[in-house]
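Visitor: I would like a close look at a single part of this model, followed outward into what surrounds it. Which element of the protein chain has the lowest mean pLDDT, and where does that part sit?

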Amino acid sequence: MILIREITEVDSKRYLELNKRLDQETSFMLFESGERTTTIEQQRTMISSIIKSENSNLIVAESSDRLVGHLMVE
């Protein structure tokens, strides 16, 4: 089962792991495999700013306690 929900700051580590996996799996990301240097704290700060924004939202897909997809809306 896949759960679709808004991201929370608690997701910082798993969201960073998702992005690093996507960097490896596709050439359509901003970074290639190994180029992303974002820390968990930097990821948490980014997520916090999105949560506080009235003009954007970050939706994640979760399966078996793992983030498997995301959608950013601005």
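Guide: Among the elements of the protein chain, α1 has the lowest mean pLDDT, 92, and β1 has the highest, 98. The pLDDT is the predictor's confidence in each residue, on a scale from 0 to 100. For the protein chain as a whole the mean pLDDT is 91, and 97% of its residues reach 70 or more. This is a predicted model, in which local features need pLDDT of at least 70 and side-chain atom pairs count only at pLDDT 80 or more, while totals for chains, interfaces and linings use all residues. Residues are numbered from 1 along each chain as its sequence is written, and side-chain values use heavy atoms, with hydrogens and water left out.

Now to α1 itself. The helix covers residues 12-25, 14 residues in total, and its first and last C-alpha atoms are 20 Å apart, close to the 20 Å expected at 1.5 Å a residue. That expected span is 1.5 Å times one less than the number of residues in the helix. Helices here are DSSP runs of H or I with at least four residues, strands are DSSP runs of E with at least two, and both are numbered from the N terminus.

The buried residues of α1 are Ser12, Arg14, Tyr15, Leu16, Leu18, Asn19 and Asp23. Buried means under 20% relative accessible area, exposed means over 50%, and partly exposed lies in between, with a 1.4 Å probe and protein chains only. An α-helix has 3.6 residues a turn, so residues three or four places apart point the same way. The cover over the buried residues of α1 includes β1 (3-6), α2 (40-52), β2 (57-63) and β3 (66-73).

Just ahead of the helix, in the loop between β1 and α1, is Asp11. Asp11 has a relative accessible area of 2%, so it counts as buried. Beyond residues up to four places away in sequence, Asp11 touches Arg5, Ile47 and Leu67, where contact means heavy atoms within 4.5 Å. Asp11 and Ile47 lie 36 residues apart in sequence, with 8.6 Å between their C-alpha atoms.

Two residues of α1 also take part in a nonpolar core. The largest such core has eight residues: Ile7, Tyr15, Leu18, Ile47, Ile50, Leu58, Val60 and Leu67. α1, α2 and β2 are the elements that give two or more residues to this core. A nonpolar core is a set of buried Ala, Val, Leu, Ile, Met, Phe, Trp, Tyr and Cys residues joined through side-chain atoms within 4.5 Å. In soluble globular proteins, nonpolar side chains tend to be buried together.

Val60 shows how the core connects to its surroundings. Leaving aside neighbours within four places in sequence, Val60 is in contact with Tyr15, and also with Leu3, Ile4, Arg5, Glu6, Ile7, Leu67, Gly69 and His70.

The strands come next. β2 and β3 run antiparallel and are joined by seven bridges; strands pair if DSSP finds at least two bridges between them. Leu58, a member of the core, stands opposite Met72 in β3. The two strands form a hairpin with two residues between them. Ser64, in the loop between β2 and β3, has a positive phi of about 50 degrees although it is not a glycine. Asp65 is in the loop between β2 and β3 too, and its phi is positive as well, near 65 degrees, in a residue other than glycine. Ser64 is exposed because its relative accessible area is 71%, and Asp65 is exposed at 59%.

At the other end of β2, Ser56 is placed in the loop between α2 and β2. Ser56 counts as buried because its relative accessible area is 16%. Its side chain makes a polar contact with the side chain of Ser53 at 3.2 Å. A polar contact is a pair of N or O atoms within 3.5 Å; within protein, one must be able to donate a hydrogen and the other to accept it, and residues adjacent in sequence count only if both atoms are side-chain atoms. Outside its neighbours within four places in sequence, Ser56 is in contact with Ile50, Val73 and Glu74, and Ile50 is one of the core residues.
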